[in-house]
Amino acid sequence: MPTFNKLSGDRLATCHPDLQEVCNEGIKFLDFTILCGHRTEDEQEDAVRRGASTQHWPNSKHNSMPSLAVDIAPYPVDWADTARFARLIGYLERIAWEKAIEVRWGGDWNQNFRTKDEKLVDMPHLELVLS
């Protein structure tokens with residue numbers, strides 16, 4: 001059974017308990033890594049400079065504490081294999097649905113939530129939808 005290494009566990013610990021619950025259930029069956037939970041102001045602005053985010057501090061869901069977003073990748077990471085990202089997220093979306101936790105994925109920004117600034121396809125990004 002896969003498990004998170006210390007670095008992934010530490011990153012996940014910065015996330016909202018609902019995201020932790022979904023990821024901790026998912027790792028029991030699929031191997032994936034936690035790339036990012038909470039981002040500091042410097043980390044967020046660096047993500048914008050690199051093109052990994054369109055949101056400046058403090059507008060990203062990664063900027064709250066606990067983080068309302070988590071970035072994950074199937075392990076081992078192959079950035080070109082978008083189908084593996086989609087399968088992983090689909091599996092985690094199912095877990096979230098079973099737990100009545102509403103999430104959305106950056107790989108297919110739902111038009112109901114999309115803003116004019118969200119042009120980035122963000123395959124690793126999973127965030128909570130809070131009512």
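This is a short guided walk through the structure, helix by helix and then out into the loops and a pocket. Keep in mind along the way that the model is predicted.

A good place to begin is helix H4, which runs over residues 82-98. With 17 residues at 1.5 Å a residue, H4 should span 24 Å, and its end C-alpha atoms are indeed 24 Å apart, so expectation and model agree. Now look at which of its residues are hidden: Phe 85, Leu 88, Ile 89, Leu 92, Ile 95 and Ala 96 are the buried ones. Around the axis these residues cover an arc of only 115°, which means that they sit on the same side of H4. Turn to the face pointing away from that buried side, and you meet the exposed residues Arg 87, Trp 97 and Glu 98.

What lies over the buried side of H4? The cover includes helix H2 (17-26) along with strands E1 (32-36), E2 (69-74), E3 (103-105) and E4 (125-128).

Just past the end of H4 there is a small detail to look for. Ala 100 takes a positive phi of about 60°, although Ala 100 is not a glycine. You will find Ala 100 in the loop between H4 and E3. Is Ala 100 buried or exposed? With a relative accessible area of 73%, Ala 100 is exposed, since the cut-off for that word is over 50%.

From H4 we can step across to H2, one of the elements that cover the buried residues of H4. In H2, the buried residues are Leu 19, Val 22, Cys 23 and Gly 26. Viewed down the helix axis, they fall within an arc of 95°, so they line one face of H2. Those buried residues pack against helix H1 (6-12), E1, E2, H4 and E4.

H1 is our next stop, and Arg 11 is a handy marker within this helix. Arg 11 is partly exposed, with a relative accessible area of 28%. Leaving aside residues up to four places away in sequence, Arg 11 touches Ile 34, Leu 35, Cys 36 and Gly 37. Take Ile 34 as an example: 23 residues separate Arg 11 and Ile 34 in sequence, while their C-alpha atoms are 6.5 Å apart in space.

Next comes helix H3, which covers residues 41-50. Its buried residues are Gln 44, Glu 45, Ala 47 and Val 48. They span an arc of only 150° around the axis, which places them on the same side of H3. On the other side of H3, Asp 42, Arg 49 and Arg 50 are exposed. Following H3 is Gly 51, whose phi is positive, near 85°.

The loop between H3 and E2 deserves a slower look. Pro 58 lies in this loop, and the peptide bond that joins Trp 57 and Pro 58 is cis, with omega about 0°. Pro 66 also has its place in the loop between H3 and E2. The bond leading from Met 65 to Pro 66 is cis too, with omega near 5°.

Ser 60 is found in the loop between H3 and E2 as well. Its relative accessible area is 10%, so Ser 60 is buried. Which residues does Ser 60 touch, not counting those up to four places away in sequence? They are Arg 39, Gln 44 and Gln 55. Gln 44 we have already met among the buried residues of H3. Arg 39 is 21 residues from Ser 60 along the chain, and the C-alpha atoms of the two are separated by 8.7 Å.

Our walk ends at the second largest pocket, which holds about 220 Å³ of space. Its lining is made of 13 residues, and Cys 36, Arg 39, Arg 50, Ala 52 and Asp 71 are those nearest its centre. Some of these names are familiar by now: Cys 36 is touched by Arg 11, Arg 39 is touched by Ser 60, and Arg 50 is one of the exposed residues of H3. E1 and H3 each supply at least two residues of the pocket lining. By character, the lining divides into seven nonpolar residues, one polar and five charged.

Key
Residues are numbered from 1 along each chain as its sequence is written. This is a predicted model: local features need pLDDT of at least 70, side-chain atom pairs count only at pLDDT 80 or more; totals for chains, interfaces and linings use all residues. Side-chain values use heavy atoms; hydrogens and water are left out. Helices (H or I, at least four residues) and strands (E, at least two) are DSSP runs, numbered from the N terminus. The expected span of a helix is 1.5 Å times one less than its number of residues. Buried means under 20% relative accessible area, exposed over 50%, partly exposed in between (1.4 Å probe, protein chains only). The arc is that of the directions from the helix axis to the C-beta atoms. Contact means heavy atoms within 4.5 Å. On a 1 Å grid over the protein atoms alone, a cavity is a set of points where a 1.4 Å probe fits but cannot get out, and a pocket is an open set with protein on both sides within 12 Å along at least five of seven lines; lining residues have an atom within 4 Å of a point. Grid points are joined across faces, edges and corners, and a volume is the space filled by probe spheres set on the points. Ala, Val, Leu, Ile, Met, Phe, Trp, Tyr, Cys and Pro count as nonpolar, Asp, Glu, Lys and Arg as charged, and the others, Gly among them, as polar.
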